[in-house]
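I opened the model to look up a few positions and what surrounds them. My notes follow in the order I made them.

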Amino acid sequence: MGKQIWKPGNMLYPLPAVMVSAGNKAGDTNILTIAWTGTVCTNPPMAYISVRPQRHSYQMICDTKEFVINLATEKMAEAVDYCGVRSGRDVDKWKETGLTKEASSVLEYAPCIQESPVNIECRVTEVQELGSHHMFLAEVAAVRIDDSFMNAENTFELNKSGLLVYSHGEYLGTGRTLGTFGGSVRKKNSRPKKKGRHSKGRR
């Protein structure tokens with residue numbers, strides 16, 4: 001099997017396809033589709049998003065130091081794509097996508113997307129100007145979840161929501177479950193131990 005050598009670039013896939021909602025102090029709001037996002041720290045809980053300064057939401061986030069990461073599902077795929085290729089300077093993305101804006105739990109300016117199974121409300125702690133994108137580091141201020149995915153045991157079944165991911169220019173569903181965290185270790189530990197061979201009459 002041969003491999004080609006390409007010039008340096010970002011080929012870390014798949015990535016979460018999320019919709020970031022933001023607002024300014026004048027009451028204007030917008031939705032921005034982002035794949036450059038992820039977890040930074042568990043304690044305190046922190047996340048990041050990387051945004052081009054040319055994007056309409058960029059100045060909103062700079063001004064208010066707030067944004068919401070809204071997880072997206074397969075049902076939201078068309079809206080996710082639309083909010084990534086259209087500018088909030090030209091269209092009202094809420095109106096065009098039919099997504100529902102609702103107030104955040106603790107943030108003052110950035111709203112949540114009601115259709116999202118998880119809304120992660122964030123407050124910016126630092127902005128790093130890295131090049132084509134500026135990275136907003138943020139502490140998670142609150143998390144809202146869709147309680148329709150809570151089961152009878154009061155466990156949040158997020159993976160049943162049909163989460164959406166982005167990979168090399170395509171949106172994909174997350175598909176079937178192949179395993180669980182720690183499952184490989186539990187499987188090995190549960191294997192019966194081999195019994196030693198006993199030879200009678202031999203010394």
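**Entry 1: Ser 161**

I started with Ser 161, which counts as buried because its relative accessibility is 11%, under the 20% cut-off. I note that this is a predicted model. Ser 161 sits in the loop that runs between strand 10 (134-145) and strand 11 (164-167). I then looked for a polar partner of its side chain: a polar atom there lies 2.6 Å from the backbone oxygen of Leu 158. With neighbours within four places in sequence left aside, I listed the contacts of Ser 161 as Thr 73, Pro 117 and Phe 149.

**Entry 2: Asn 30**

Next I asked whether Asn 30 is buried or exposed. Asn 30 has a relative accessible area of 3%, so I logged it as buried. Its place is in strand 3, residues 29-34. Which side chain does the side chain of Asn 30 meet in a polar contact? I found Ser 57, at 2.9 Å. Ser 57 is also among the contacts of Asn 30 beyond four places in sequence, a list that includes Val 20, Ser 21, Ala 22, His 56, Met 60 and Trp 94. I also checked a C-alpha to C-alpha distance: Asn 30 and Glu 126 are 21 Å apart in space, with a sequence separation of 96 residues.

**Entry 3: helix 1**

The partner Ser 57 led me to helix 1, which spans residues 56-64. Which residues of helix 1 are buried? I have Ser 57, Tyr 58, Met 60, Ile 61, Cys 62 and Thr 64. I looked up what covers them and found, among others, strand 2 (18-23), strand 3, strand 5 (46-51), strand 6 (66-71), strand 9 (118-129) and strand 10. Just after the helix, Lys 65 has a positive phi of about 60°.

**Entry 4: nonpolar cores**

I turned to the largest nonpolar core, which has 22 residues. Ile 49, Phe 67, Ile 69 and Phe 136 touch the most other members. Strand 2, strand 3, strand 5, helix 1, strand 6, strand 9 and strand 10 each supply at least two residues of this core. I took Phe 136 for a closer look. Not counting residues up to four places away in sequence, Phe 136 touches Tyr 58, Ile 61 and Cys 62, and its list also includes Ile 49, Phe 67, Val 124 and Glu 126. I logged a second, separate core of twelve residues, among them Met 19, Ala 79, Trp 94 and Leu 99. Trp 94 was already in my notes as a contact of Asn 30.

Terms used
Residues numbered from 1 in each chain as written. Predicted model: local features only at pLDDT ≥ 70, side-chain atom pairs only at ≥ 80, totals over all residues. Heavy atoms only, no water. Helix = DSSP H or I, 4+ residues; strand = E, 2+ residues; numbered from the N terminus. Buried < 20%, exposed > 50% of the residue type's maximum accessible area, 1.4 Å probe, protein only. Polar contact = N/O pair within 3.5 Å; in protein donor to acceptor, adjacent residues only side chain to side chain. Contact = heavy atoms within 4.5 Å. Core = buried A, V, L, I, M, F, W, Y, C linked by side-chain atoms within 4.5 Å.
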